[in-house]
Amino acid sequence: MEQYAIKGGTPLVGEVEIGGAKNAALAILAAAIMTDETVTIDNLPDVRDTNVLIQAMESIGVIVERIGRHSVKINAANVNSLVVEDDYIKKIRASYYLLGALLGKYKRAEVALPGGCNIGSRPIDQHIKGFRALGADVRIEHGLIITEAEKLKGNHIYLDVVSVGATINIMMAAAMAEGQTIIENAAKEPHVVDLANFLNSMGCNVKGAGTDVIRIKGVPRLHATEYTIIPDQIEAGTFMFAAAATKGDVTVKNVIPKHLESLTAKLIEIGCEVEESDDAVRVVATKKLTHTHVKTLAYPGFPTDMQPQITVVLGLAEGTSIVTESIFENRFKYVDELTRMGGNVKVEGNTAIIDGVAKYTGASLTAPDLRAGAALVIAALAAEGFSTVDEIQYIGRGYEDFHLKLRELGAQIDKVKTERDFQKFKLKVG
Ligand code: UD1
């Protein structure tokens with residue numbers, strides 16, 4: 001199995017180019033099947049999650065033509081099955097976006113029910129409530145969610161919890177429903193806005209995305225478009241916090257600074273300098289880092305997908321910090337690994353109490369999930385000595401060329417397969 005070999009202690013310095021947003025891409029790829037005309041999507045990240053979704057789409061007859069590493073042409077005129085197999089759902093939960101897209105276009109879809117995930121239980125009751133409100137019958141049989149409707153009719157839907165996935169799935173189903181749908185208490189994440197802009201570019205009429213009330217006037221037909229996905233704010237944030245942890249100076253380029261405000265604010269609070277320009281943010285971490293409190297919230301609050309990364313940084317900040325996870329209940333699994341590096345973090349329920357230490361020391365680590373995996377890489381880059389990180393396939397789900405981008409910033413990191421490779425790496429970097 002591949003793992004990362006890392007020698008820590010080098011400040012990250014330089015510039016890094018951020019790719020397209022994975023979570024926006026997943027929604028947009030699924031929505032692209034809602035027209036029979038050809039859709040071109042640019043700035044698509046080349047990561048495992050988007051590639052698996054593309055495979056799931058191909059499995060139902062969608063033609064996907066790669067016209068470059070980050071561009072695809074999609075044609076869904078000849079969809080030959082409305083059943084998305086379990087295999088894809090097992091690999092990525094977001095395959096369930098095909099439910100909303102297929103239901104919207106064909107008024108029927110069958111998708112395997114997503115199981116539990118390693119960051120906590122992830123119900124889909126709000127998705128189902130939305131489909132039912134639009135007039136669809138939804139039943140769960142033999143592990144499949146089967147949804148069908150004679151016709152979909154716009155309705156007023158109030159979400160009981162702010163859910164990105166439910167907002168996106170309902171928007172897609174409503175895009176081709178008769179009349180107007182109003183989603184109240186909608187998610188406001190940048191990728192929800194990006195999906196709305198994409199649907200509008202195909203001829204739909206979506207207003208209010210980015211606020212908590214989204215209005216969708218359905219249209220009978222959607223048409224061809226060419227669309228560029230927004231930059232990934234979590235990839236950007238990961239490099240910003242890597243700069244902070246390693247006492248570096250990193251400029252993340254090709255970003256929308258507004259999407260990074262909750263991250264920038266925390267970095268300034270703990271003692272970093274952050275300079276913003278039109279499409280870049282520079283993080284300089286020369287001063288001593290100090291403690292703070294963080295609570296994860298829906299956008300524009302501090303994102304749960306950055307919780308492990310900020311915890312790693314606060315583990316090196318002077319004083320006692322508190323991180324409260326309010327979105328997913330089981331997202332502190334990486335903390336045991338930090339303890340093995342000399343970190344002093346205690347988890348009580350959904351709260352981590354962090355007593356900053358002067359340094360981490362290298363250890364052999366295992367990535368428990370995507371974002372925690374990236375956070376452990378950051379910890380290893382900041383640590384004294386050598387580390388290995390196992391289960392890096394999780395990191396590949398959402399970061400393109402992660403170790404290559406880090407290396408461009410001066411990190412001593414490589415992908416290795418065997419103990420021998422690791423020893424060679426040690427000799428090489430000294
Ligand atoms: C999306 C992101 C994920 C991010 C999360 C929160 C994608 C592909 N994934 O996940 O990276 O961590 O948003 O920003 O975009 N909930 C319900 N019932 C539902 C749906 C959700 O109770 O029907 C709850 C969840 O358990 C959770 C909260 O709502 O506590 C937010 O979940 P949601 O926003 O739906 O997350 P995802 O869309 O799965």
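How many nonpolar, polar and charged residues does the lining of the second largest pocket have? In this predicted model, the count comes to 10 nonpolar, 4 polar and 4 charged residues. That makes for a lining of 18 residues, and A245, K247, L316, A358 and K359 are the ones that lie nearest the centre of the pocket. The space inside the second largest pocket is about 300 Å³.

On to the ligand. Its shell is made up of 22 residues, with Q126, S163, V164, D305 and I327 the closest. Sorted by class, the shell around the ligand holds 10 nonpolar, 8 polar and 4 charged residues. Oxygen atoms of the ligand turn up in several short polar pairings. A polar side-chain atom of D305 sits 2.6 Å from a ligand oxygen. The backbone joins in too: a backbone N or O atom of V164 is 2.7 Å from an oxygen atom of the ligand, and a polar backbone atom of G165 is 2.8 Å from a ligand oxygen. As for cover, the ligand taken alone exposes 740 Å², and the protein buries 84% of that.

Which elements give two or more residues to the shell around the ligand? They are α1 (22-31), α5 (125-133) and α6 (164-175). The largest share, 3 residues, is down to α5. Looked at by domain, the shell takes at least three residues from domain 1 (3-19 + 231-429) and at least three from domain 2 (22-228).

Then there is the enclosed space. Rolling a probe the size of a water molecule over the atoms shows where empty space is left. Searching the whole structure turns up 3 cavities of 30 Å³ or more, and the largest cavity has about 50 Å³ of space. Its walls are built from A21, K22, N23, A24, H191, D232, Q233, I234 and R371. These lining residues of the largest cavity split into 3 nonpolar, 3 polar and 3 charged.

Helix by helix, α1 and α8 (233-245) each put at least two residues into the lining of the largest cavity, and α1 gives the most, with 3 residues. So α1 shows up twice: in the lining of the largest cavity and in the shell around the ligand. The domains come back as well, with domain 1 (3-19 + 231-429) and domain 2 (22-228) each providing at least three residues of the lining of the largest cavity, as each does for the shell around the ligand.

Terms used:
Residues numbered from 1 in each chain as written. Predicted model: local features only at pLDDT ≥ 70, side-chain atom pairs only at ≥ 80, totals over all residues. Heavy atoms only, no water. Near = heavy atom within 4 Å. Polar contact = N/O pair within 3.5 Å; in protein donor to acceptor, adjacent residues only side chain to side chain. Areas by Shrake-Rupley, 256 points an atom, 1.4 Å probe, with all protein chains shown as cover. Helix = DSSP H or I, 4+ residues; strand = E, 2+ residues; numbered from the N terminus. Nonpolar A, V, L, I, M, F, W, Y, C, P; charged D, E, K, R; others polar. Domains from an automatic or database assignment. 1 Å grid on protein atoms, 1.4 Å probe; cavity = no way out; pocket = protein on both sides within 12 Å on 5 of 7 lines; lining within 4 Å. Points joined across faces, edges and corners; volume = space filled by probe spheres on them.
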